[in-house]
Amino acid sequence: MNTNKHESEEGIKLAGIFIHVHSCLPRRRHCEGGFIRGAPVVSLAQTQCAALIESMFGVTTSDDYRPVAWMGRYPVDVTTMLVGVHVAAAILTAILVAFGAGSILAWLQFDSAAVLYSGQVWRLFTYAFVHAPSGLLWFAVEMYLLFVFGREVERFIGRRAYIGLYLILLVTPAALLTVWGLWQRSAVAGSPALHFGIFVAFATIYPRTELFLRIMTKWVVLILAAVYTFQLLAYHAWSDLMVVWTSIGAAFLFIEMLGAGPELPWWDALKTRFAPRPKFHVVPKIHPSRSAETDDVYTSIDPILDKISKSGVGSLTASERRQLDRERERLLKKSE
């Protein structure tokens, strides 16, 4: 049993989630510099697909994906480092609260009034690392889900794109709440919406992967988003609702802009409508000079003749065939 499979199975037992992989490739898949749209994968890709099932969801498909460091034989990627930072922040928070120094946390959570009128811009970043000790059980589940799904997203889109996605999910909701604060003061702490956005990114890449109870990822996202929405609506938590749906929309649009999400006709039509139109330039027709007509015909077709002698006529491309026909006609005219 390989290490990834062992780690995944142990984590699944801890979280109470049993995962069954139904499909090993998303509808649109990046593979060796290109996209495969519904085409069967053969040869080496089939071998990778078998390994994919053994290691849960994904394989490394981005040239940008490399571990940041190694701990013995085990790679340490960006997701692993993020989990470590969040866990360390949660432990530090619990210690501060235990010793009566919890007031320090008030300087780290997001507060629109403090950002707008006191210039405390660090709150736009630090709020996600404030984890209340009362919610550490759900925080543990949240970190497990980040570790499982975040690594697959990082492997697929690459390290730089993944860091960009995480920063967007971190800053965008806080920036919108800052604008919201012009009318109504708002505050937020913790990272549930941020890491739910990571799960949305995973579901956008792998929409047909089956999770617990054989429910596909796309339906799990819709169910959880609906539950989250109705819960916040019931308590009129409008700012929290905006944070959740900002995270959902930002994650989905980011993956779609990379071309790694499912094929959506309305999205393709929208991109086509706003895409810059190609510019056409009139190029004057170049007439061959008299000196070009007297060039040595054999010099221009020597590479083609060499290719025929080595690989046969069938190896010629369409352009090479046309060039060979033109030179043959020139030779015939000169012989006349």
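T246 lies in helix α10 (residues 238–257), and that is a good place to start a tour of this predicted model. From there we move on to the aromatic rings, where the structure holds 8 aromatic pairs.

**Around T246**
- With a relative accessible area of 13%, T246 is buried, because the cut-off for that label is under 20%.
- A polar atom of the T246 side chain lies 2.6 Å from the backbone oxygen of M242.
- If you set aside neighbours within four places in sequence, T246 is in contact with T172, P173 and L176.

**The F149–F202 pair**
- Among the 8 aromatic pairs of the structure is the one formed by F149 and F202, which is tilted, at 4.8 Å centre to centre and 50 degrees between the planes.
- This pair links distant parts of the chain: F149 sits in helix α6 (residues 136–157) and F202 in helix α8 (residues 192–205), 53 residues apart.
- F149 counts as buried because its relative accessibility is 6%.
- F202 is buried too, with a relative accessible area of 0%.

**From F202 to the ring cluster**
- F202 also forms an aromatic pair with Y206, again tilted, with 5.2 Å centre to centre and 35 degrees between the planes.
- Both of these residues, F202 and Y206, are buried.
- Which residues do ring pairs link into a cluster? They are F149, F156, F196, F199, F202, Y206 and Y228.

Terms used
Residues are numbered from 1 along each chain as its sequence is written. This is a predicted model: local features need pLDDT of at least 70, side-chain atom pairs count only at pLDDT 80 or more; totals for chains, interfaces and linings use all residues. Side-chain values use heavy atoms; hydrogens and water are left out. Rings of Phe, Tyr and Trp (its six-membered ring) pair if their centres lie within 6.5 Å; planes under 30 degrees apart count as stacked, over 60 as edge-to-face and the rest as tilted. Helices (H or I, at least four residues) and strands (E, at least two) are DSSP runs, numbered from the N terminus. Buried means under 20% relative accessible area, exposed over 50%, partly exposed in between (1.4 Å probe, protein chains only). A polar contact is a pair of N or O atoms within 3.5 Å; within protein, one must be able to donate a hydrogen and the other to accept it, and residues adjacent in sequence count only if both atoms are side-chain atoms. Contact means heavy atoms within 4.5 Å.
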